[in-house]
Amino acid sequence: MATPMIMDHPLIQHKISLLRDKNTGSKEFRELVSEIAMLMCYEATRDLPLKEVEIETPIAVAKTKIIAGSKLAFVPILRAGLGMVDGVLKMVPAAKVGHIGLYRDPDTKQAVEYYAKFPVDIERREVIVLDPMLATGASAIDAINQIKQRGVTNIKFMCIIAAPEGLEALQKAHPDVSIYCASKDQSLNEHAYIVPGLGDAGDRIFGTK
């Protein structure tokens, strides 16, 4: 079971502080989520394999390296995960994007799937699942279940804020999935919201509350 990577880079931590502020409006909130996702993507793709090629520069032939073979797909969990897509695509513009729609039943707190659409060759790709918040872990666990059912074996999960309960649940359900997180918060409250968290990420991204 891999230990979650908590990204403590000063730029990420500064932007998370602005995200948490209840006075941050939707426009700035969206921009911050995208920027944090871009910075996190840099670290989450650190282990991509490379191969050596020869490139002719204006001066001479150079032996240099490019990404080898491993094709990426990003899968945001709707709807909040959409806020991270622009940022990661700035880092890897050739990646494919799938979508999985889940909502949390307010009574059972369990994830309910309502939409799923993936690249046709997703089983041959490294998949990074995106969701700004990891609360109970139910949505992430279900999304990864769905992706594994499509034959994917190389999966990572990337979130901005996580509760200890969600991290533990995700690790237990999918010990083979690497987790990248920017902040491990205190706990969940009685409504399964992360404390101190930043509220409902989807509502704040899309201005629906």
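**Nonpolar cores and the second largest pocket**

In this predicted model, the largest nonpolar core comprises 36 residues, and those with the most contacts inside it are Leu19, Met40, Phe74, Leu130, Met158 and Ile160. Two or more residues of this core are given by each of helix H1 (10-20), H2, strand S4 (71-78), H3, strand S8 (125-130), strand S10 (155-162), strand S11 (178-184) and H6. The largest share, 8 residues, comes from H2. Such an assembly may be set beside a general tendency: in soluble globular proteins, nonpolar side chains tend to be buried together.

The surroundings of Met158 illustrate the packing. When residues up to four places away in sequence are not counted, Met158 touches Ala37, Met40, Cys41, Ala44, Met84, Val88, Ile128, Val129, Leu130, Asp131 and Tyr180. Apart from the largest core lies another core, of 25 residues, which includes Val127, Ile144, Cys159 and Val177.

Attention then turns to the second largest pocket, which holds about 170 Å³ of space. Its lining consists of Arg30, Glu31, Ser34, Glu35, Met38, Leu82, Gly83, Asp86, Lys90, Ile205 and Phe206. By class, the lining residues of this pocket divide into 5 charged, 4 nonpolar and 2 polar. At least two lining residues are supplied by each of helix H2 (26-44), helix H3 (85-91) and helix H6 (201-206). Helix H2 gives the most to this lining, with 5 residues. Helix H2 thus provides both the largest share of the largest nonpolar core and the largest contribution to the lining of the second largest pocket.

How values were computed. Residues numbered from 1 in each chain as written. Predicted model: local features only at pLDDT ≥ 70, side-chain atom pairs only at ≥ 80, totals over all residues. Heavy atoms only, no water. 1 Å grid on protein atoms, 1.4 Å probe; cavity = no way out; pocket = protein on both sides within 12 Å on 5 of 7 lines; lining within 4 Å. Points joined across faces, edges and corners; volume = space filled by probe spheres on them. Helix = DSSP H or I, 4+ residues; strand = E, 2+ residues; numbered from the N terminus. Nonpolar A, V, L, I, M, F, W, Y, C, P; charged D, E, K, R; others polar. Core = buried A, V, L, I, M, F, W, Y, C linked by side-chain atoms within 4.5 Å. Buried < 20%, exposed > 50% of the residue type's maximum accessible area, 1.4 Å probe, protein only. Contact = heavy atoms within 4.5 Å.
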